[in-house]
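Here is a report on one protein chain. Please read it alongside the structure shown below.

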Amino acid sequence: MAASRLSLRYIRRFTTSAGDAAATVETTTKISASKAKSILRKQHDPDKALEIYSNVSNHSSSPVSSRYAQELTVRRLAKCNRFSDIETLIESHKDDPRIKEEPFYSTLIRSYGRASMLDHAVKAFEEMGRHETPRTAVSFNALLTACLNSGNFNKVPQLFDEMPQRFNTIIPDRVSYGILIKSYCDSGSPERAIEIMREMEGKRNMEVTTIAFTTILNSLYKNGKVELAESLWEEMVKKGIEIDSAAYNVRLMNAQKEGPERVWELIEEMSVKGVKPDTISYNYLMTAYCEKGMLDEAKKVFDGLKRNRLAPNAATFRTLVFHLCDSGLYEQGYAVFKKSVGMNKIPDFNTLQHLAVGLVRNKKVNDAKGLIRTVKKKFPPSFLNAWKKLEEELGLDTKTDAPSSTPTPA
(Lines give C-alpha, C1' and ligand atoms only; values in the text may rest on other atoms or scores of the structure.)
Protein backbone atom coordinates (compact mmCIF):
# COMPACT_ATOMS: atom_id res chain seq x y z
CA MET A 1 0.00 0.00 0.00
CA ALA A 2 1.09 3.54 -0.60
CA ALA A 3 1.12 4.28 3.11
CA SER A 4 3.80 1.65 3.60
CA ARG A 5 6.12 3.81 1.47
CA LEU A 6 5.68 6.81 3.75
CA SER A 7 9.02 7.74 5.21
CA LEU A 8 9.34 8.78 8.84
CA ARG A 9 9.89 12.31 7.62
CA TYR A 10 6.59 12.13 5.74
CA ILE A 11 4.80 10.82 8.81
CA ARG A 12 6.11 13.73 10.81
CA ARG A 13 4.19 16.06 8.54
CA PHE A 14 1.09 14.71 10.30
CA THR A 15 2.28 15.37 13.85
CA THR A 16 0.66 18.13 15.84
CA SER A 17 3.87 19.49 17.32
CA ALA A 18 7.63 19.21 17.19
CA GLY A 19 7.51 17.37 20.50
CA ASP A 20 5.19 14.76 19.03
CA ALA A 21 7.51 14.31 16.09
CA ALA A 22 10.52 13.89 18.34
CA ALA A 23 8.68 11.21 20.25
CA THR A 24 8.12 9.14 17.10
CA VAL A 25 10.44 6.17 17.05
CA GLU A 26 11.95 5.27 13.71
CA THR A 27 11.34 1.71 12.63
CA THR A 28 12.31 0.17 9.31
CA THR A 29 11.13 -3.42 9.72
CA LYS A 30 8.15 -4.19 7.53
CA ILE A 31 5.26 -6.01 9.14
CA SER A 32 2.22 -7.79 7.80
CA ALA A 33 -1.16 -6.07 7.68
CA SER A 34 -2.50 -8.71 10.06
CA LYS A 35 0.25 -7.94 12.58
CA ALA A 36 -0.33 -4.20 12.17
CA LYS A 37 -4.05 -4.66 12.77
CA SER A 38 -3.34 -6.51 16.02
CA ILE A 39 -0.97 -3.77 17.23
CA LEU A 40 -3.24 -0.92 16.15
CA ARG A 41 -6.14 -2.27 18.17
CA LYS A 42 -4.13 -1.53 21.32
CA GLN A 43 -2.48 1.68 20.11
CA HIS A 44 -4.50 4.87 20.56
CA ASP A 45 -1.82 7.47 19.96
CA PRO A 46 -2.51 8.78 16.41
CA ASP A 47 1.13 9.50 15.55
CA LYS A 48 2.28 6.07 16.69
CA ALA A 49 -0.62 4.54 14.78
CA LEU A 50 0.57 6.31 11.63
CA GLU A 51 4.08 5.02 12.13
CA ILE A 52 2.85 1.44 12.58
CA TYR A 53 0.68 1.72 9.49
CA SER A 54 3.54 3.16 7.44
CA ASN A 55 5.52 -0.03 8.05
CA VAL A 56 2.92 -2.41 6.62
CA SER A 57 4.47 -4.40 3.81
CA ASN A 58 3.39 -3.68 0.23
CA HIS A 59 3.14 -7.42 -0.25
CA SER A 60 0.64 -8.09 2.50
CA SER A 61 -1.27 -11.28 1.74
CA SER A 62 -4.46 -10.18 3.46
CA PRO A 63 -6.51 -7.44 1.73
CA VAL A 64 -9.06 -7.58 4.56
CA SER A 65 -6.38 -7.03 7.21
CA SER A 66 -4.94 -4.19 5.11
CA ARG A 67 -8.33 -2.53 5.01
CA TYR A 68 -8.86 -2.87 8.76
CA ALA A 69 -5.36 -1.57 9.48
CA GLN A 70 -6.08 1.51 7.39
CA GLU A 71 -9.48 2.06 8.99
CA LEU A 72 -8.06 1.69 12.51
CA THR A 73 -5.42 4.30 11.73
CA VAL A 74 -8.04 6.65 10.34
CA ARG A 75 -10.22 6.18 13.41
CA ARG A 76 -7.32 7.05 15.71
CA LEU A 77 -6.82 10.29 13.78
CA ALA A 78 -10.57 11.03 13.70
CA LYS A 79 -10.81 10.76 17.50
CA CYS A 80 -8.35 13.64 17.68
CA ASN A 81 -10.23 15.60 14.99
CA ARG A 82 -7.26 15.46 12.64
CA PHE A 83 -9.36 15.43 9.50
CA SER A 84 -6.84 17.25 7.35
CA ASP A 85 -4.30 14.55 8.20
CA ILE A 86 -6.84 11.87 7.30
CA GLU A 87 -7.39 13.44 3.90
CA THR A 88 -3.64 13.66 3.29
CA LEU A 89 -3.18 10.02 4.26
CA ILE A 90 -6.04 8.66 2.17
CA GLU A 91 -5.30 10.79 -0.87
CA SER A 92 -1.67 9.61 -0.80
CA HIS A 93 -2.93 6.15 -1.71
CA LYS A 94 -4.10 7.41 -5.09
CA ASP A 95 -0.47 7.33 -6.25
CA ASP A 96 -0.41 3.57 -5.69
CA PRO A 97 -0.48 1.51 -8.94
CA ARG A 98 -3.33 -0.52 -7.44
CA ILE A 99 -5.62 2.50 -7.53
CA LYS A 100 -7.10 1.04 -10.73
CA GLU A 101 -8.25 -2.00 -8.76
CA GLU A 102 -11.79 -1.47 -7.49
CA PRO A 103 -11.39 -3.31 -4.15
CA PHE A 104 -8.31 -1.18 -3.34
CA TYR A 105 -10.09 2.05 -4.27
CA SER A 106 -13.16 0.98 -2.28
CA THR A 107 -11.03 0.85 0.86
CA LEU A 108 -10.38 4.58 0.52
CA ILE A 109 -14.10 5.29 0.26
CA ARG A 110 -14.82 3.19 3.34
CA SER A 111 -12.04 4.90 5.29
CA TYR A 112 -13.57 8.31 4.64
CA GLY A 113 -16.80 6.90 6.04
CA ARG A 114 -15.01 5.72 9.19
CA ALA A 115 -13.86 9.30 9.70
CA SER A 116 -17.41 10.62 9.16
CA MET A 117 -16.14 12.48 6.08
CA LEU A 118 -19.03 11.46 3.83
CA ASP A 119 -18.61 14.36 1.39
CA HIS A 120 -15.07 13.15 0.73
CA ALA A 121 -16.32 9.58 0.28
CA VAL A 122 -18.88 10.70 -2.31
CA LYS A 123 -16.28 12.81 -4.10
CA ALA A 124 -13.84 9.89 -4.19
CA PHE A 125 -16.56 7.67 -5.63
CA GLU A 126 -17.40 10.19 -8.34
CA GLU A 127 -13.72 10.57 -9.27
CA MET A 128 -13.13 6.86 -9.92
CA GLY A 129 -13.28 7.42 -13.69
CA ARG A 130 -10.33 9.80 -13.47
CA HIS A 131 -8.20 6.90 -12.23
CA GLU A 132 -9.67 4.42 -14.74
CA THR A 133 -11.07 2.37 -11.88
CA PRO A 134 -14.13 0.19 -12.61
CA ARG A 135 -17.28 1.26 -10.82
CA THR A 136 -19.56 -1.69 -9.90
CA ALA A 137 -21.54 -2.92 -6.91
CA VAL A 138 -18.23 -3.34 -5.03
CA SER A 139 -17.44 0.38 -4.81
CA PHE A 140 -21.15 1.23 -4.65
CA ASN A 141 -21.47 -0.91 -1.52
CA ALA A 142 -18.39 0.77 -0.08
CA LEU A 143 -20.09 4.15 -0.56
CA LEU A 144 -23.32 2.96 1.08
CA THR A 145 -21.29 1.51 3.96
CA ALA A 146 -19.54 4.88 4.34
CA CYS A 147 -22.98 6.41 4.87
CA LEU A 148 -23.77 3.91 7.63
CA ASN A 149 -20.40 4.31 9.33
CA SER A 150 -20.72 8.09 9.33
CA GLY A 151 -24.24 7.95 10.76
CA ASN A 152 -25.87 9.34 7.60
CA PHE A 153 -28.57 6.67 7.46
CA ASN A 154 -31.00 8.77 5.45
CA LYS A 155 -28.38 9.26 2.74
CA VAL A 156 -28.37 5.56 1.85
CA PRO A 157 -31.81 5.45 0.17
CA GLN A 158 -30.98 8.63 -1.75
CA LEU A 159 -27.69 7.29 -3.12
CA PHE A 160 -29.25 3.86 -3.69
CA ASP A 161 -31.68 5.45 -6.15
CA GLU A 162 -29.32 8.08 -7.58
CA MET A 163 -26.04 6.32 -8.35
CA PRO A 164 -27.32 3.39 -10.48
CA GLN A 165 -29.11 5.96 -12.66
CA ARG A 166 -25.95 8.03 -13.08
CA PHE A 167 -23.64 5.08 -13.68
CA ASN A 168 -25.04 2.19 -15.70
CA THR A 169 -22.26 -0.16 -14.57
CA ILE A 170 -23.78 -0.25 -11.08
CA ILE A 171 -26.27 -3.04 -10.47
CA PRO A 172 -27.22 -3.31 -6.78
CA ASP A 173 -26.67 -6.82 -5.43
CA ARG A 174 -28.00 -8.48 -2.29
CA VAL A 175 -25.24 -6.84 -0.25
CA SER A 176 -26.46 -3.45 -1.51
CA TYR A 177 -30.00 -4.30 -0.47
CA GLY A 178 -28.73 -5.53 2.90
CA ILE A 179 -27.10 -2.15 3.51
CA LEU A 180 -30.31 -0.41 2.46
CA ILE A 181 -32.26 -2.55 4.91
CA LYS A 182 -29.81 -1.70 7.70
CA SER A 183 -30.10 2.02 6.95
CA TYR A 184 -33.86 1.91 7.48
CA CYS A 185 -33.44 -0.17 10.65
CA ASP A 186 -30.80 2.18 12.06
CA SER A 187 -33.05 5.16 11.38
CA GLY A 188 -35.91 3.50 13.28
CA SER A 189 -38.01 2.37 10.30
CA PRO A 190 -38.03 -1.45 10.41
CA GLU A 191 -41.38 -1.60 8.59
CA ARG A 192 -39.81 0.07 5.55
CA ALA A 193 -36.94 -2.43 5.82
CA ILE A 194 -39.48 -5.25 5.64
CA GLU A 195 -40.89 -3.70 2.46
CA ILE A 196 -37.41 -3.76 0.92
CA MET A 197 -37.02 -7.39 1.98
CA ARG A 198 -40.32 -8.27 0.25
CA GLU A 199 -39.10 -6.47 -2.87
CA MET A 200 -35.93 -8.55 -2.83
CA GLU A 201 -37.90 -11.79 -2.55
CA GLY A 202 -40.49 -10.79 -5.14
CA LYS A 203 -39.56 -8.39 -7.92
CA ARG A 204 -35.79 -8.83 -7.57
CA ASN A 205 -35.87 -12.60 -6.94
CA MET A 206 -32.97 -12.26 -4.51
CA GLU A 207 -32.19 -14.43 -1.52
CA VAL A 208 -32.55 -12.57 1.76
CA THR A 209 -29.56 -13.32 3.97
CA THR A 210 -29.64 -14.33 7.62
CA ILE A 211 -27.86 -11.04 8.37
CA ALA A 212 -30.68 -9.03 6.76
CA PHE A 213 -33.35 -10.95 8.68
CA THR A 214 -31.42 -10.50 11.92
CA THR A 215 -30.96 -6.78 11.32
CA ILE A 216 -34.72 -6.30 10.93
CA LEU A 217 -35.45 -8.54 13.92
CA ASN A 218 -33.11 -6.48 16.08
CA SER A 219 -34.72 -3.21 15.00
CA LEU A 220 -38.24 -4.52 15.64
CA TYR A 221 -37.36 -5.56 19.20
CA LYS A 222 -35.58 -2.28 19.90
CA ASN A 223 -38.58 -0.33 18.67
CA GLY A 224 -40.96 -2.30 20.89
CA LYS A 225 -42.62 -4.21 18.04
CA VAL A 226 -42.33 -7.58 19.77
CA GLU A 227 -45.28 -9.31 18.07
CA LEU A 228 -43.99 -8.38 14.63
CA ALA A 229 -40.51 -9.57 15.62
CA GLU A 230 -41.84 -12.94 16.80
CA SER A 231 -43.80 -13.28 13.56
CA LEU A 232 -40.63 -12.63 11.57
CA TRP A 233 -38.79 -15.24 13.62
CA GLU A 234 -41.45 -17.82 12.80
CA GLU A 235 -41.10 -16.89 9.13
CA MET A 236 -37.34 -17.45 9.32
CA VAL A 237 -37.88 -20.90 10.81
CA LYS A 238 -40.52 -21.88 8.22
CA LYS A 239 -38.35 -20.73 5.32
CA GLY A 240 -35.41 -22.73 6.61
CA ILE A 241 -33.22 -19.67 7.06
CA GLU A 242 -29.97 -20.72 8.70
CA ILE A 243 -30.30 -19.31 12.20
CA ASP A 244 -26.99 -18.56 13.89
CA SER A 245 -25.93 -17.32 17.33
CA ALA A 246 -26.23 -13.68 16.21
CA ALA A 247 -29.92 -14.18 15.39
CA TYR A 248 -30.54 -15.93 18.71
CA ASN A 249 -28.69 -13.18 20.56
CA VAL A 250 -31.22 -10.67 19.29
CA ARG A 251 -33.97 -12.73 20.91
CA LEU A 252 -31.89 -13.09 24.07
CA MET A 253 -31.55 -9.31 24.22
CA ASN A 254 -35.34 -9.05 24.39
CA ALA A 255 -35.72 -12.08 26.68
CA GLN A 256 -33.34 -10.46 29.18
CA LYS A 257 -36.19 -8.11 30.12
CA GLU A 258 -38.33 -11.11 31.06
CA GLY A 259 -35.75 -12.53 33.46
CA PRO A 260 -32.96 -15.11 33.62
CA GLU A 261 -35.31 -18.08 33.39
CA ARG A 262 -36.44 -17.06 29.90
CA VAL A 263 -32.87 -16.32 28.80
CA TRP A 264 -31.70 -19.70 30.03
CA GLU A 265 -34.62 -21.37 28.24
CA LEU A 266 -33.51 -19.85 24.92
CA ILE A 267 -29.86 -20.79 25.51
CA GLU A 268 -30.95 -24.39 26.04
CA GLU A 269 -32.99 -24.17 22.85
CA MET A 270 -29.88 -23.02 21.01
CA SER A 271 -27.97 -26.08 22.18
CA VAL A 272 -30.81 -28.39 21.13
CA LYS A 273 -30.85 -26.75 17.67
CA GLY A 274 -27.10 -27.18 17.31
CA VAL A 275 -26.31 -23.47 17.68
CA LYS A 276 -23.43 -22.84 20.08
CA PRO A 277 -24.08 -19.96 22.49
CA ASP A 278 -21.26 -17.41 22.38
CA THR A 279 -19.94 -14.87 24.88
CA ILE A 280 -22.69 -12.40 23.97
CA SER A 281 -25.32 -15.06 24.68
CA TYR A 282 -23.97 -15.63 28.16
CA ASN A 283 -23.58 -11.89 28.72
CA TYR A 284 -27.35 -11.56 28.41
CA LEU A 285 -27.84 -14.37 30.93
CA MET A 286 -25.36 -12.77 33.32
CA THR A 287 -27.02 -9.38 32.94
CA ALA A 288 -30.45 -10.90 33.60
CA TYR A 289 -29.16 -12.40 36.85
CA CYS A 290 -27.49 -9.10 37.83
CA GLU A 291 -30.67 -7.12 37.26
CA LYS A 292 -32.51 -9.49 39.57
CA GLY A 293 -29.83 -9.03 42.22
CA MET A 294 -28.67 -12.64 41.81
CA LEU A 295 -24.96 -11.81 41.76
CA ASP A 296 -23.79 -15.27 42.86
CA GLU A 297 -25.54 -16.78 39.84
CA ALA A 298 -24.09 -14.07 37.61
CA LYS A 299 -20.57 -14.88 38.84
CA LYS A 300 -21.19 -18.56 38.09
CA VAL A 301 -22.00 -17.62 34.50
CA PHE A 302 -18.82 -15.53 34.36
CA ASP A 303 -16.70 -18.35 35.76
CA GLY A 304 -18.36 -20.83 33.39
CA LEU A 305 -17.21 -19.04 30.24
CA LYS A 306 -13.82 -20.75 30.33
CA ARG A 307 -15.50 -24.12 30.79
CA ASN A 308 -17.49 -23.41 27.63
CA ARG A 309 -14.26 -22.47 25.82
CA LEU A 310 -15.29 -18.85 25.62
CA ALA A 311 -13.53 -15.67 26.70
CA PRO A 312 -15.20 -12.68 28.39
CA ASN A 313 -15.31 -9.46 26.38
CA ALA A 314 -15.32 -5.84 27.55
CA ALA A 315 -19.11 -5.92 27.94
CA THR A 316 -18.82 -8.97 30.23
CA PHE A 317 -16.44 -7.14 32.55
CA ARG A 318 -18.40 -3.90 32.36
CA THR A 319 -21.65 -5.57 33.39
CA LEU A 320 -20.17 -7.51 36.29
CA VAL A 321 -18.07 -4.63 37.65
CA PHE A 322 -21.01 -2.21 37.43
CA HIS A 323 -23.44 -4.46 39.30
CA LEU A 324 -20.88 -5.43 41.94
CA CYS A 325 -20.29 -1.73 42.57
CA ASP A 326 -24.02 -1.07 42.54
CA SER A 327 -24.32 -3.59 45.37
CA GLY A 328 -21.45 -2.00 47.29
CA LEU A 329 -19.05 -4.88 46.57
CA TYR A 330 -16.18 -2.67 45.47
CA GLU A 331 -13.36 -5.02 46.42
CA GLN A 332 -14.92 -7.77 44.34
CA GLY A 333 -15.41 -5.26 41.54
CA TYR A 334 -11.73 -4.34 41.74
CA ALA A 335 -10.74 -8.01 41.54
CA VAL A 336 -12.81 -8.40 38.36
CA PHE A 337 -11.28 -5.19 36.98
CA LYS A 338 -7.79 -6.66 37.41
CA LYS A 339 -8.83 -9.69 35.38
CA SER A 340 -10.07 -7.37 32.63
CA VAL A 341 -6.66 -5.67 32.55
CA GLY A 342 -4.93 -9.01 32.12
CA MET A 343 -7.15 -9.77 29.13
CA ASN A 344 -7.00 -6.23 27.72
CA LYS A 345 -10.82 -6.02 27.92
CA ILE A 346 -11.13 -3.02 30.21
CA PRO A 347 -14.62 -1.61 30.95
CA ASP A 348 -15.64 1.91 29.96
CA PHE A 349 -14.85 5.16 31.79
CA ASN A 350 -18.23 5.52 33.54
CA THR A 351 -18.07 2.03 35.02
CA LEU A 352 -14.53 2.47 36.30
CA GLN A 353 -15.33 5.94 37.64
CA HIS A 354 -18.09 4.28 39.70
CA LEU A 355 -15.55 1.74 40.97
CA ALA A 356 -12.87 4.33 41.79
CA VAL A 357 -15.31 6.48 43.78
CA GLY A 358 -16.50 3.45 45.73
CA LEU A 359 -12.98 2.32 46.55
CA VAL A 360 -12.10 5.75 47.94
CA ARG A 361 -15.28 5.89 50.01
CA ASN A 362 -14.37 2.50 51.46
CA LYS A 363 -10.86 3.69 52.27
CA LYS A 364 -9.19 1.56 49.58
CA VAL A 365 -7.22 4.52 48.28
CA ASN A 366 -4.24 2.51 47.03
CA ASP A 367 -6.57 0.37 44.95
CA ALA A 368 -8.20 3.48 43.49
CA LYS A 369 -4.79 4.92 42.68
CA GLY A 370 -3.71 1.65 41.08
CA LEU A 371 -6.89 1.59 39.00
CA ILE A 372 -6.39 5.11 37.67
CA ARG A 373 -2.68 4.58 37.09
CA THR A 374 -3.48 1.51 35.01
CA VAL A 375 -6.28 2.97 32.91
CA LYS A 376 -4.29 6.11 32.12
CA LYS A 377 -1.88 3.79 30.31
CA LYS A 378 -4.62 1.83 28.60
CA PHE A 379 -7.23 4.44 27.61
CA PRO A 380 -6.93 6.71 24.54
CA PRO A 381 -5.22 10.09 25.10
CA SER A 382 -8.59 11.81 24.71
CA PHE A 383 -9.62 10.35 28.11
CA LEU A 384 -6.57 11.54 30.03
CA ASN A 385 -8.14 14.83 31.09
CA ALA A 386 -11.20 13.02 32.43
CA TRP A 387 -9.04 10.72 34.55
CA LYS A 388 -6.90 13.61 35.82
CA LYS A 389 -10.06 15.48 36.78
CA LEU A 390 -11.36 12.43 38.65
CA GLU A 391 -8.03 12.11 40.46
CA GLU A 392 -8.32 15.70 41.66
CA GLU A 393 -11.96 15.32 42.70
CA LEU A 394 -11.11 12.24 44.76
CA GLY A 395 -7.97 13.84 46.18
CA LEU A 396 -5.84 10.96 44.90
CA ASP A 397 -3.04 13.27 43.80
CA THR A 398 -2.38 14.36 47.40
CA LYS A 399 -4.09 11.94 49.76
CA THR A 400 -1.91 9.78 51.97
CA ASP A 401 -1.88 6.11 51.08
CA ALA A 402 -4.56 4.08 52.80
CA PRO A 403 -5.08 0.31 53.12
CA SER A 404 -5.27 -1.69 49.89
CA SER A 405 -7.30 -4.83 49.47
CA THR A 406 -5.00 -6.33 46.84
CA PRO A 407 -1.80 -5.54 44.94
CA THR A 408 -2.42 -3.07 42.11
CA PRO A 409 -2.25 -4.33 38.53
CA ALA A 410 0.72 -3.33 36.45
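In the loop between α12 (190-201) and α13 sits Asn205. The model is predicted. Glu230 is in contact with Tyr221 and Arg251, leaving aside its neighbours within four places in sequence.

**Glu230 and its surroundings**

Glu230 belongs to helix α14. Is Glu230 buried, partly exposed or exposed? Its relative accessible area is 24%, so Glu230 is partly exposed: the buried class requires a value under 20%. Leu217 lies 13 residues from Glu230 in sequence, and their C-alpha atoms are 8.3 Å apart in space. One contact partner of Glu230, Arg251, is among the buried residues of α15. That helix is taken up next.

**Helix α15**

How many of the 11 residues of α15 are buried? The count is 10, so this helix, residues 245-255, is largely enclosed by the rest of the structure. The buried residues are Ser245, Ala247, Tyr248, Asn249, Val250, Arg251, Leu252, Met253, Asn254 and Ala255. They pack against four helices: α13 (210-222), α14 (226-238), α16 (260-272) and α17 (279-291). The N-terminal end of α15 is capped by Asp244. A side-chain oxygen of Asp244 lies 3.3 Å from the backbone nitrogen of Ala246.

**Chain overview**

The chain has 23 helices and zero strands. Of its 410 residues, 51% are buried. Consider contacts between residues at least 6 apart in sequence: 65% of them join residues at least 24 apart.

**Three loop residues**

Asn205 and two further loop residues are worth a look. The table lists where each sits and how accessible it is.

| Residue | Loop | Relative accessible area | Class |
|---|---|---|---|
| Asn205 | between α12 (190-201) and α13 | 67% | exposed |
| Arg309 | between α18 (295-307) and α19 (314-326) | 79% | exposed |
| Thr133 | between α8 and α9 (137-149) | 6% | buried |

Backbone angles come next. Phi of Asn205 is near 50°, a positive value in a residue other than glycine. Phi of Arg309 is also positive, near 60°, and Arg309 too is a residue other than glycine. Arg309 and Asp278 are 31 residues apart in sequence. Their C-alpha atoms are 9.3 Å apart in space.

Thr133 has 6% relative accessibility, so it counts as buried. Which residues does Thr133 touch, not counting those up to four places away in sequence? They are Ile99, Lys100, Glu101, Glu102, Tyr105 and Met128.

**Helix pair α8 and α10**

Helix α8 spans residues 118-126, and helix α10 spans residues 155-166. Their axes come within 13 Å and cross at roughly 15°. Angles under 35 degrees count as roughly parallel, and α8 and α10 are therefore roughly parallel to each other. The crossing of α8 past α10 is right-handed. From α8, the contact takes in Leu118, Val122, Phe125 and Glu126. From α10, it takes in Lys155, Met163 and Arg166. The residues of this contact divide into four nonpolar, no polar and three charged.

**Helix pair α19 and α21**

How do α19 and α21 pack, and at what angle? The angle is about 35°, with the axes 9 Å apart. Helix α21 covers residues 349-361. Here α19 passes α21 in a left-handed crossing. Arg318, Val321, Phe322, Cys325 and Asp326 in α19 meet Thr351, His354 and Leu355 in α21. The residues of this contact divide into four nonpolar, two polar and two charged.

Terms used: Residues numbered from 1 in each chain as written. Predicted model: local features only at pLDDT ≥ 70, side-chain atom pairs only at ≥ 80, totals over all residues. Heavy atoms only, no water. Buried < 20%, exposed > 50% of the residue type's maximum accessible area, 1.4 Å probe, protein only. Helix = DSSP H or I, 4+ residues; strand = E, 2+ residues; numbered from the N terminus. Contact = heavy atoms within 4.5 Å. Polar contact = N/O pair within 3.5 Å; in protein donor to acceptor, adjacent residues only side chain to side chain. Axes fitted to C-alpha atoms, helices over the stretch in contact; angles between N-to-C directions. Left-handed = near helix turned anticlockwise from the far one by under 90°. Nonpolar A, V, L, I, M, F, W, Y, C, P; charged D, E, K, R; others polar. Parallel < 35°, antiparallel > 145°, perpendicular 65-115°, else oblique.
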